[in-house]
Structures are given as structure tokens and as C-alpha cells.
Number of protein chains: 2
Amino acid sequence: MNPGDAASAGAVVVLGTVGLDYIETPRARADGVLGGSATYAALAARFFARPTVLSVVGRDFAPAHRGVLAQRGVDLSGLEVADGLTFRWGARYAADLNSRQTTFTDLNVLEGFDPAVPPHAARGAFVFLGNSEPHVQLSVLDQIEAPRFVLTDSMNIWIERDPAQLARVAARSGCMVLNDEETRQFGRDDNLPRAAQKILDVGAAAVVVKRGEHGASLLDEDGWFFAPGYPVSGAHDPTGAGDSFAGAFVGSLAEAGAADAAARRRAVVYGSVAASFTVESFGVARLAALTRAEIDARYAEFSDIVAF
Amino acid sequence: MNPGDAASAGAVVVLGTVGLDYIETPRARADGVLGGSATYAALAARFFARPTVLSVVGRDFAPAHRGVLAQRGVDLSGLEVADGLTFRWGARYAADLNSRQTTFTDLNVLEGFDPAVPPHAARGAFVFLGNSEPHVQLSVLDQIEAPRFVLTDSMNIWIERDPAQLARVAARSGCMVLNDEETRQFGRDDNLPRAAQKILDVGAAAVVVKRGEHGASLLDEDGWFFAPGYPVSGAHDPTGAGDSFAGAFVGSLAEAGAADAAARRRAVVYGSVAASFTVESFGVARLAALTRAEIDARYAEFSDIVAF
């Protein structure tokens, strides 16, 4: 990547976690590796635009971990350092890597985090609101003047606890990004296409349904778009697949300077490409070593995979 | 359909069950409705070619049920009528319709069934070997001289009981059609792309992986092809989706008189189209009332759904 080029593209603001992951897959285990939704999203977005991370870490956060982001053009001026320990999260994956169990979540310094958008990123940004309490997502939106596009992630606990608050976030979002279960839950319908439609009805302009290894689909006013799951023979660790999808999605819109229907379809494919690389290694390794040329080559493969 | 046109296309031979289904979904229930793998496959294949059913029913099989098939151009000269009761099968679906529990299976006259291919269909046919004991599938293959293309379905019990025998069927198949779980099981690999590759390694020329509502993918010597799951807002009953997929797949190859890579990709889309209609009603109702124009219109929609 040429950071000079990226800086000239639209600003990307990424709200999410930066933390330490404790991951167990059937074939490997890693303790205390760099992780977090903002980490994965920023590492994917940086191929298209300069991402500004909104997050918080503790005094224990290693300079080496910070360097992984900083050396790849990620703007850390919105990464607060607070007294206390960095956010930690553990998960164990099933044999087919399709389901996982969260083994623990230590919020630590993330508890009560009140993100402040750096002034240079506060106008006309392309925004990814990673999975957080809806009121935190709204606080970020309130700090950004005329956001160009807002992509919003969430999860079961926020859908259960306060769906009305989440609907207020959705109504201010250009797109929600949810997995199939979350879509059924937030849309309150067991039928996935109907559930997705109901999310548009509460005000989101579009919804991306992540279908794990089977791909991702987008519903907007133009109808459905479907991108396949890239067949990854060497899948190792699904951690961060969804967040790198989101980062590449928003990043590619920022690079294009557009968020129309055609740009959104391309964004789904770029997101799928980023996610497919992420799962090829444990943690962020593959994503951190990735090149734009590899992204573009796999993007072209997606055309072949669906051609008939 | 114009039966005259269909008769001029390649012959399609469909091995499978013709029976009575007892289905329970979250919203409805039906007892003793027409079902079976050969029923669904033939009702889908008939839009493209004249299907000959290889199956057996009991003396209790209602003329009205026979009429559903006969009146739609399905050749029943290979449908044996035996002393005893018709095959019966019951299933109950989960709320999201994605998983089901078989409530009972009464093989009845199907026990020991030894299919005889009618002479007029015994040469150069396009064949669908519906889920059956592998030795029955092999017996049908032995009766067909120079089959043009063989599509083979199977299920967990045959994979568990005699994978070597099933591998012999696979080695004589142009394509295996399995769901994602069966693919992992037969390929003996938790990674779906690798498992599919291993099925090619045992000799199948191609494999279709059915991914339920998420679509279907094809792996052959040209690599992967992926067709999305059509977003069916009014999904009622998934029964027969896989078999109607298979019937339309083989039927479309027969109509084209070809089974090359391009024809196989189109066949996956025709299969997906047929399956998407099948689930829109309880039992065979939607498929029985379907028109070729509806099929072709939805086929065109698939191009739009994946375009970027």
C-alpha cells in the first residue's frame, strides 16, 4: 500500500475493540495474540483508505502490537490508552470451524469507554461501527458531521437487551452487517429473506447477511445480491473474518468515494475477499502480510466462481 | 410443457422413491401426501426432457397420485406395483426450516426392490441415481448402456455402512450431489472445500455441495462454481428441494444434449431454480403447477443476483 494514496481517499473511522485474543481451534491454540474488531477491520480497510481507529487499550498493551497497526498506515490518534488492563477475549472453535464458544470476556478498560472522534476524522467520514453497545455507536455518529456511509455491526446481546435503541442506530446506518442468526433475531422472523426485509423496514438502507463459509448477501432497495464464500482449503481460524469483511467493505466505498448500489455490491465482494484471507492463518498474520495485488487477484476469481 | 418436444430430447432415467410423506412444519402438517425422491426429481426433470421413473409402489398407491406424474409427461413404465404397502416417510422441521428430524421410515414394498430399466430407456440415458443402497444404484448403472451422464445422491447411512461400495458408484458418476454435512462425511474432512476435492479423488468427475438456503456449489476439473440460494420469502416446506434440484440438473443436461463444464454450471442454476419453487408450497403442489416460463424467468434473476 502507498500511504500517500490512501490519505487522499475518504477518511474511514473504525469503532471497535483492540485487544488480546485467546483462541483454540481443533489444531492450534494461541494465548494473548493481537485481536479485536477494530484491529481486523482497520487491517482490511487500510488497503483502500486510511483508517482511524476508535478504541481503548490498557497500559499493558505491547508496543509490538501497536506497531502492527501503525506500520500499516492505521491512524491510532483515536486509540486511547487508559489505566488498567487491555480487553481480553477467549473462544474455542468446533471441528468444522463453523461454530464457536466464547470462553471468557474481560472488558477491562473497555468498560465505560467513551470514544472521542479525532477532529481530522470528524467530517464526511466512511464509518464502521463495530459491535458495541448501541449508545456508544450513537455517540460516535453524533460526533461525525455528514458521514458519507455508516456500516453497523451488532450481536445477540444488544438485540435482546434493547432492540429499540439498536433500531435507532439502524435508522442512521447505510447498512447493517449481521450473521444469519442475528438477522433472524433482529428481524424477528425465522425466514431469513423476510427477516432481512424487516431490518430495512426499521430504517437501515441495506443489510448484509453473513453466511459464514457459504458467503454473504446484500439486500437493499435494488433487491438481493449474493457473493459466494471463497473456497478456502486451508482455513485455520475464523476469528476476525466478519470484521475484516466490514473493514474492506467500508474501505472500498471510501476509495470509490461512492456508496451507490454498484459500489455496495463491489464492497460485498471486497469484504468477502478480505475475510477469505483472514481465515487462512491464526490471528491477524495473513491479513497483516496481505498485498493489494493478492486482493485484486482473488476479487477477479469471484467473477469466475459465479459465471454461468 | 409440450411432451412432444420433451420426447425428442435425451432420455432421463430417475431411480428413487415414490411414496407417501407425513410432514410437520412449524405452521402446517400433512399426512400421506405424494412424495419421494423420484417423484420430486421427475416433476422437475419433465420441463427439460421425458423422465422415466424407476421405483415401486404398493397396491394402496392412489390413482390420483399416479395421475399427478402421468399427466405431466412422466413415464411410469418403470414404476413397479407390488403386493404390499407403499413406502412411507415422516419428518418434522425446525422453526427456521433448516434442520429436520425423520420421525419414521416404513420401507414397505421398497424393501428388496430390484429396479428393472425399461428397454426404451436403457441406452444413452441421462441418469439420476436418487439416494438408495449403493448396490441398487450399481444395478441400475449395469443395465444402462453408455449412459451420457450420471448424477448420484446418497446419505449418511450409506456413507457410514459401506463407503467403499459408495466410492465405486462415485467412480462411475459424472457428479455426486450431497449436502454440506454429507460432503464432509464422505470426504472425511471437516474442511468443506478439501472434503469436496477428496470426493473427486475417489473418482467422481464432479461434486455438487448443497448448502440449503445458502445455495449450491459445484467442484469439477475447472474449479468451483457457486449458485446462490434464491431468497424465498414464502418458504413453507423444504421437502424435495434436493431431489427437484437433481431432477432439473439432469433434465437440463439432457435437453442440452451435453454435460460439459458450461452445461453443468447452467444445470446447477436450473437445479437451484427448481428447488426454490419446490419449497414455496407444502409437498409437490408448487412444482406440479410450475411452468417453464416461470423457471426461465427465475433463471434470469440468478444472473442479476450475482452480478457485480
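Q: What makes the arrangement β5-β4-β1-β8-β9-β10-β11-β12-β13 of chain A an open sheet, and which are its edge strands?
A: In this predicted model, the 9 strands of chain A follow one another in the order β5-β4-β1-β8-β9-β10-β11-β12-β13 with mixed pairing. The edge strands are β5 (79-82) and β13 (223-228) of chain A, each of which pairs on one side only. Neighbouring strands of the sheet are turned against each other by 15 degrees on average, direction ignored.

Q: How do you know that β1 and β8 of chain A pair, and in which sense do they run?
A: Pairing requires at least two bridges between the strands, and 4 bridges join β1 (residues 12-15) to β8 (residues 126-129) of chain A, so the two count as paired, running parallel. Within this pair, A:L15 stands opposite A:L129 of β8(A).

Q: Which strands of chain A does helix α10 lie across?
A: Helix α10 (residues 261-278) of chain A lies across β11 (207-210), β12 (215-220) and β13 of chain A, and runs at about 160 degrees to β12(A).

Q: What makes β2 and β3 of chain B a hairpin?
A: The strands β2 (residues 19-24) and β3 (residues 29-35) of chain B run antiparallel and are joined by 6 bridges, with 4 residues between them. B:E24 has B:R29 in β3(B) as its bridge partner. In addition, β2(B) pairs with β6 (residues 88-93) of chain B in the parallel sense over 5 bridges, where B:I23 stands opposite B:A91.

Q: Why is the relation between chain A and chain B called a two-fold axis?
A: Chain B is superposed on chain A by a rotation of 180 degrees with 0.0 Å of shift along the axis, at an RMSD of 0.0 Å, and that is the relation of a two-fold axis.

Q: How do you know that the copies meet through the same surface?
A: Of the interface residues of chain B, 100% are also interface residues in chain A, so the copies meet through the same surface. Contact here joins 27 residues of chain B to 27 residues of chain A. On the side of chain B that touches chain A, the largest share, 4 residues, comes from β13(B), and the residues of that side divide into 14 nonpolar, 5 polar and 8 charged.

Q: Which residues touch the most other members of the largest nonpolar core?
A: Among its 194 residues, A:V14, A:V207, A:V250, B:V14, B:V207 and B:V250 touch the most other members. Leaving aside neighbours within four places in sequence, B:V14 is in contact with residues including B:A38, B:V53, B:L54 and B:F128.

Conventions
Residues numbered from 1 in each chain as written. Chains lettered and ligands numbered in written order. Predicted model: local features only at pLDDT ≥ 70, side-chain atom pairs only at ≥ 80, totals over all residues. Contact = placed C-beta atoms within 7 Å. Nonpolar A, V, L, I, M, F, W, Y, C, P; charged D, E, K, R; others polar. Core = buried A, V, L, I, M, F, W, Y, C linked by C-beta atoms within 7 Å. Buried ≥ 20, exposed ≤ 12 C-beta atoms within 10 Å, placed from the backbone. Least-squares fit on C-alpha atoms with pLDDT ≥ 70 in both. Axes fitted to C-alpha atoms, helices over the stretch in contact; angles between N-to-C directions.
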